[in-house]
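Q: Could you walk me through this model feature by feature? I would like the general idea each time, and then the case at hand.

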Amino acid sequence: EALEKNQLEPMQGQDFQDAGGRAIFELWQTQLASEQSGSVDTLREQLPVDLHARLDGLLAVDKTQLADDQVIRDVMLTLLRLRERNLKRIGQELSFLTVEAREAGDARAAEYDQIQLMHSKRLFLTQKALAQRWG
């Protein structure tokens, strides 16, 4: 909801660079989309055993008991930082592909330019959201 309010796409598996975090997120999203209970127990049953400890760490209760708005702000900033880092990495890869295609005379260079333009807009919106005051 907060992402949409800032004209950003919802979180996606690709926002996670870590395969374990991505797997947990994507399985959770699949559960929610298929109208399953979305319970932690169901999620745990479907996860590979080696990700159970990771899930436990994510579910550990914070002893400081932050206020709900503080938790939302912190989660939003963390998600946006993850997305920004991944968008920067992808941008570097796109730049490399574009230069390589141009040097080879490949017609895909123009296509890469268009993709990079869309990608730059996503990065700009993410950085704009990070720069605003959250709370």
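Q: Let's begin inside: which residues line the largest cavity?
A: Happy to start there. On a 1 Å grid over the protein atoms alone, a cavity is a set of points where a 1.4 Å probe fits but cannot get out, and lining residues have an atom within 4 Å of a point. Here the largest cavity is lined by Gln14, Asp15, Arg83, Asn86, Leu87, Ile90 and Arg122. One caution before we go on: this is a predicted model, where local features need pLDDT of at least 70 and side-chain atom pairs count only at pLDDT 80 or more, while totals for chains, interfaces and linings use all residues. Residues are numbered from 1 along each chain as its sequence is written, and side-chain values use heavy atoms, with hydrogens and water left out.

Q: What is the volume of the largest cavity?
A: A volume is the space filled by probe spheres set on the grid points, which are joined across faces, edges and corners. For the largest cavity that gives about 40 Å³. The search of the whole structure finds one cavity of 30 Å³ or more.

Q: How many residues of each class are in the lining?
A: Ala, Val, Leu, Ile, Met, Phe, Trp, Tyr, Cys and Pro count as nonpolar, Asp, Glu, Lys and Arg as charged, and the others, Gly among them, as polar. The lining has three charged, two polar and two nonpolar residues.

Q: How many helices and strands does the protein have?
A: Both are DSSP runs numbered from the N terminus: helices are H or I with at least four residues, strands E with at least two. The protein has six helices and zero strands. Helix H5 (residues 68-103) gives the most to the lining of the largest cavity, with four residues.

Q: Is His119 buried or exposed?
A: Relative accessible area decides: under 20% is buried, over 50% exposed, and in between partly exposed (1.4 Å probe, protein chains only). His119 is buried because its relative accessible area is 8%. Across the protein, buried residues make up 30% of the 135 residues.

Q: Which residues does His119 contact, leaving aside neighbours within four places in sequence?
A: A contact means heavy atoms within 4.5 Å. From helix H6 (residues 108-131), His119 is in contact with Leu87, Ile90, Gly91 and Leu94, with those neighbours left aside. Leu87 and Ile90 also line the largest cavity.

Q: What does Asp113 touch, by the same kind of reading?
A: Asp113 lies in helix H6 as well, and touches Thr98 and Arg102, not counting residues up to four places away in sequence. Asp113 is partly exposed, since its relative accessible area is 30%.

Q: And Leu82, which residues does that one contact?
A: Leu82 is found in helix H5 and counts as buried at 18% relative accessibility. Beyond its neighbours within four places, Leu82 contacts Asp15 and Phe16. The C-alpha atoms of Leu82 and Gln17 are separated by 7.9 Å, though these residues are 65 apart along the chain.

Q: How many aromatic pairs are there?
A: Rings of Phe, Tyr and Trp (its six-membered ring) pair if their centres lie within 6.5 Å; planes under 30 degrees apart are stacked, over 60 edge-to-face, and the rest tilted. The count comes to one aromatic pair. Phe25 and Trp28 form that tilted pair, at 6.0 Å centre to centre with 55° between the planes. Because they are three residues apart in helix H2 (residues 19-33), about one helical turn separates them. Phe25 is buried at 13% relative accessibility, whereas Trp28, at 37%, is partly exposed.

Terms used:
1 Å grid on protein atoms, 1.4 Å probe; cavity = no way out; pocket = protein on both sides within 12 Å on 5 of 7 lines; lining within 4 Å.
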